[in-house]
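Dear colleague,

I am passing on the structure below, together with some notes on what came out of the analysis. Please have it open while you read.

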Amino acid sequence: HTLSVTYFELVSRYSMFLEKAPEFVKETMLSFLDQRGIGHPHPQVRSRASYLFFRVLRSFPVASAPQRQALTPLLPAILKALQQNVSPVLKRGFATGTQAETPLSVDSTMNLCETMGLICSSKFTNQGLEPFSGCCDAFRAQLVTLAKNRQAFTRDAELVGNRLAEIVNMIGSLTKYVTRDAMTFKRPLGDCLQAIVKVYELLPAHKELRSTTVFFLHRMLSCLKGVVVPHIHKTMELLVANVTAESLLQVSQLVNQIIVMARTESIPIVAHIFQPYVRQIYKVIASFNYIDEKTETSAYSTQIKERDSMRSIYFGFIRHVLLTPDFLPTSLYTPRNKACYEEIIKSVLEGISDRDLTVAKHCVSILSQVVEWGSKLVLDAKKTPGKKISPPLMHLWSLLTKDIGAATIHGLSKGNLDPTDAKANMIMLTIVRIHHKLRVAFGNDFLTYLNTIMCKQLGVTPVSIKEYLQGFNGSTASTSLQRQRNILRGMLKMHQQVQKR
């Protein structure tokens with residue numbers, strides 16, 4: 001078998017030789033598919049042949065015309081052979097022991113599924129809708145058939161979830177190379193999507209099934225975008241309800257992608273999951289409360305890092321939501337979400353003072369962007385004669401003119417920022433930008449308010465505060481902002497010296 005593996009390795013490495021000798025294409029392709037390759041008695045040969053066949057075919061889109069002409073007539077037969085070799089894994093159902101053994105491993109089967117998708121894609125030879133639909137329909141039909149076997153769910157739910165996850169993964173591998181042809185293959189992709197989310201809803205807490213479903217949803221969102229969203233309301237609800245410390249990052253990335261890829265379509269679904277999702281995140285973070293943050297030992301160092309990671313994920317999610325202005329009046333400030341939304345704003349305002357500078361930087365960045373679009377939103381509403389300002393906008397007005405300004409100064413007064421630290425200096429520069437934006441939006445009234453807060457909390461000389469505030473009447477160039485940051489840094493040093501006395 002070593003000689004056989006060496007042969008396939010050489011074919012893969014020197015596959016461009018076939019460009020010079022297209023007459024060898026047919027025999028070379030057949031050698032991968034018959035008893036010399038995927039059908040070989042030795043498992044190592046079968047495994048390498050399945051992977052290297054994909055490698056060889058992947059080089060063909062840039063091949064010469066004679067080489068492609070020699071290959072094109074073989075493609076229907078190649079697709080049929082690949083389907084036959086995939087079938088044992090696809091059709092083994094919930095068998096166990098020797099009955100579950102198949103000639104190809106699951107990993108090798110995934111390689112063949114990826115090869116099938118490559119052949120059907122426009123990147124290759126553009127075989128068209130029919131071959132791809134046939135492959136999808138076979139996988140989807142088996143998935144639906146297995147999902148109907150409810151007795152198996154009762155006997156061994158873990159095995160059922162693993163086998164269903166394998167088929168979902170096969171569909172994911174099949175669709176990898178057709179994302180650029182998504183609108184051409186919209187019907188089979190949509191059918192697979194609906195089947196997969198319905199299967200996931202049967203076992204929402206199963207780890208492997210959840211992972212493969214999320215993986216597939218990521219792929220569909222990247223190519224079909226808003227078309228996906230109406231089909232996944234129930235799925236997202238279940239993903240959120242079953243969030244754990246292990247799955248939090250996975251689910252957060254999916255929610256963030258939904259917001260980015262389908263901004264308008266995602267508003268209802270984000271509004272629906274917002275409150276329970278935030279509560280679940282709080283629950284996960286609270287599960288680390290046993291950690292004594294003041295301990296001088298490293299007994300919980302891993303857990304502390306994990307909890308800090310959870311908090312970063314939380315603020316990353318909040319950043320995605322709050323930086324989408326449409327969500328505020330239409331989704332978040334509703335009777336269902338209002339209390340949770342206000343709690344989140346409070347956590348962001350408090351986060352500026354966090355001892356973890358990564359969290360503080362997240363929060364300052366969030367507030368900077370909220371000020372960016374929030375000021376415009378509120379001022380546009382103020383300029384419209386006779387228009388009644390809605391409660392969400394009135395709340396936003398108060399948030400911008402008072403709460404954010406006070407939170408930035410409170411963050412400086414806590415003593416967590418080291419004036420010599422690079423990350424702390426980035427935070428201070430962002431705070432300067434926030435003050436500048438609020439000065440532009442609300443004029444000297446904001447500076448008067450800021451002067452009061454700074455005198456009360458920083459305890460520095462009025463001359464320093466006056467110098468800082470006067471700087472906002474000048475240029476907005478980066479050099480001016482840097483100068484303001486330097487003044488703020490000097491005030492911070494002065495404040496910390498006063499605190500030490």
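**Helix α12 and its surroundings**

In α12, the buried residues are Leu 209, Arg 210, Thr 212, Thr 213, Val 214, Phe 216, Leu 217, Arg 219, Met 220, Leu 221, Cys 223 and Leu 224. Please bear in mind throughout that this is a predicted model. The helix itself covers residues 207-224, and its 18 residues reach 25 Å from the first C-alpha to the last, which is close to the 26 Å expected at 1.5 Å a residue. As for what surrounds α12, its buried residues pack against α10, α11 (186-200), α13 (233-241) and α14 (248-261). Directly after α12 comes Lys 225, which has a positive phi, near 50 degrees.

One of those packing partners, α10, deserves a closer look. Helix α10 (residues 157-174) also has end C-alpha atoms whose separation can be checked: at 1.5 Å a residue its 18 residues should span 26 Å, and the ends are 26 Å apart, which agrees. Of the 18 residues of α10, 14 are buried, so this helix is largely enclosed by the rest of the structure.

**The chain as a whole**

The protein chain contains 24 helices and 0 strands. Its radius of gyration is 30 Å, well over the 23 Å that the globule rule gives for 501 residues, so the chain is more spread out than a compact globule. Along the principal axes, the C-alpha trace spans about 85 × 60 × 55 Å. Buried residues nonetheless make up 51% of the 501 residues, and among contacts with a separation of 6 or more, 74% are between residues 24 or more positions apart. The accessible surface comes to about 23100 Å², and carbon and sulfur atoms account for 53% of that area. On the side of charge, the chain carries 60 positive and 38 negative side chains, with the centres of the two sets lying 5 Å apart.

**His 40**

Finally, I looked at a residue in a loop: His 40 sits between α3 (25-33) and α4 (43-58). Is His 40 buried or exposed? Its relative accessibility is 15%, and since buried means under 20%, His 40 counts as buried. Leaving aside neighbours within four places in sequence, His 40 is in contact with His 1, Ser 4, Asp 34, Gln 35, Val 45 and Arg 46. With respect to α12, the C-alpha atom of His 40 is separated by 36 Å from that of Met 220, a residue 180 positions away along the chain.

With best regards

Technical notes
Residues numbered from 1 in each chain as written. Predicted model: local features only at pLDDT ≥ 70, side-chain atom pairs only at ≥ 80, totals over all residues. Heavy atoms only, no water. Helix = DSSP H or I, 4+ residues; strand = E, 2+ residues; numbered from the N terminus. Expected span 1.5 Å × (residues − 1). Buried < 20%, exposed > 50% of the residue type's maximum accessible area, 1.4 Å probe, protein only. Rg over C-alpha atoms; globule rule 2.2 N^0.38 Å. Contact = heavy atoms within 4.5 Å. Areas by Shrake-Rupley, 256 points an atom, 1.4 Å probe, with all protein chains shown as cover. Lys, Arg positive; Asp, Glu negative; His and termini not counted. Charge placed at Lys NZ, Arg CZ, Asp CG, Glu CD.
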